[in-house]
Amino acid sequence: MIPSRRIKHCRVCGNPTDYRVPADDNRDRAICTSCGEIHYENPINVVGTVPYWGDQVLLCRRNIEPRRGLWTLPAGFLELGESTAAGAQRETDEEAGAHIELQGLFTVLNVVRAGQLHLYYLARLQDTVFAPGPETIEAQLFREDEIPWDEIAFRTVRETLLHYFADCRRGEFGVHAGDVS
Ligand SMILES: [Zn+2]
């Protein structure tokens, strides 16, 4: 099933929309019943980082729903006017208050079921002074054998961490693309 955000009202004129297939198209779109505006819905981008310090990775315990109390890598929705790298840097600052040197793209994970695309960058921590924002209960460094695998908030975070520690063992870091159900 293709996720839809079920747009009920036109973003241009505020009148009700109706889902139907526009001319020369092949799928349902929310079309305004008054002005005819077609509202296209596309996957949302989530951007984040894998902040590392030696053999440790920085995780944040979520202070917001969904998955409050569980651990995540710093990540959030990409904003308009922002590059993916800038968004990853901003989320790391907002959620962990961590000082990082942003490095290469690390994982590209489709979450087709949720209509999302998650991108994680590697980020070298410059120090271990963290100042978590209101969305985070605490920010903490973990070695691989300390990772709370049963308390990870999202599948893409789990996948990214698995790739990270596998690459650490290999001694070589690549870009990992895949699908998460
Ligand atoms: Zn309209």
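Good morning. Along the chain, the donors of the zinc ion follow the spacing C-x2-C-x18-C-x2-C. Cys10 belongs to the segment before β1 (17–20), while Cys32 belongs to strand β2 (residues 29–32), so this pair ties together parts that are 22 residues apart in sequence. Please keep in mind throughout that the model is predicted.

Let me stay with the zinc ion for a moment. Which atoms of the protein serve as its donors? They are the SG atoms of Cys10, Cys13, Cys32 and Cys35, and they lie 2.3 to 2.4 Å from the ion. The four donor atoms subtend angles of 100 to 121° around the zinc ion, and the arrangement is therefore tetrahedral. The test applied here is that four donors count as tetrahedral if all angles lie between 85 and 135 degrees. For reference, the ideal angle for four tetrahedral donors is 109.5 degrees. Are Cys10 and Cys32 buried or exposed? Both Cys10 and Cys32 are buried.

I turn now to the protein as a whole. Its secondary structure consists of two helices and eleven strands. In sequence order, these elements give the pattern β-β-β-β-β-β-β-α-β-β-β-α-β. The C-alpha trace spans about 60 × 35 × 30 Å along its principal axes. Of the 181 residues in the protein, 40% are buried. If we consider the contacts with a separation of 6 or more, residues 24 or more positions apart account for 60% of them.

A few words on the surface and the charges. The accessible surface of the protein is about 10,000 Å², and carbon and sulfur atoms contribute 49% of that area. There are 19 positive and 27 negative side chains, and 6 Å separates the centres of the two sets.

Next, I would like to consider two individual positions. Gly97 sits in the loop between α1 (84–96) and β8 (100–111). Gly97 has a relative accessible area of 9%, so it counts as buried; the cut-off for that term is under 20%. What lies around Gly97, once its neighbours within four places in sequence are left aside? Its contacts are then Thr92, Val129, Phe130, Ala131 and Pro132. Phe130 is 33 residues from Gly97 along the chain, yet their C-alpha atoms are separated by 5.1 Å.

The second position, Glu101, is in strand β8. Glu101 is partly exposed, with a relative accessible area of 33%. Neighbours within four places in sequence aside, Glu101 is in contact with Leu122, Ala123, Arg124 and Gln126. Between Glu101 and Ala123 there are 5.5 Å from C-alpha to C-alpha, although the two are 22 residues apart in sequence.

Finally, let us look at the backbone in two loops. The loop between β5 (56–62) and β6 (71–72) contains Pro66, and the peptide bond from Glu65 to Pro66 is cis, with omega near -5°. Arg67 is also placed in the loop between β5 and β6. Arg67 is not a glycine, yet its phi is positive, near 65°. With a relative accessible area of 41%, Arg67 is partly exposed.

The loop between β1 and β2 holds Asp24, another residue that is not a glycine but has a positive phi, here about 65°. Is Asp24 buried or exposed? Its relative accessible area is 88%, so Asp24 is exposed. Thank you for your attention.

Note on methods: Residues are numbered from 1 along each chain as its sequence is written. This is a predicted model: local features need pLDDT of at least 70, side-chain atom pairs count only at pLDDT 80 or more; totals for chains, interfaces and linings use all residues. Side-chain values use heavy atoms; hydrogens and water are left out. Donors are N, O and S atoms within 2.8 Å of the metal (3.2 Å for Na, K and Ca); water is not among the atoms, so sites may look incomplete. Four donors count as tetrahedral if all angles lie between 85 and 135 degrees; four count as square planar and six as octahedral if opposite donors are over 155 degrees apart and all others between 65 and 115; anything else is irregular. Helices (H or I, at least four residues) and strands (E, at least two) are DSSP runs, numbered from the N terminus. Buried means under 20% relative accessible area, exposed over 50%, partly exposed in between (1.4 Å probe, protein chains only). Contact means heavy atoms within 4.5 Å. Accessible areas come from the Shrake-Rupley method with a 1.4 Å probe; for residues, only the protein chains shown count as cover. Lys and Arg count as positive and Asp and Glu as negative; His and the chain ends are not counted. The place of a charge is taken as NZ of Lys, CZ of Arg, CG of Asp or CD of Glu.
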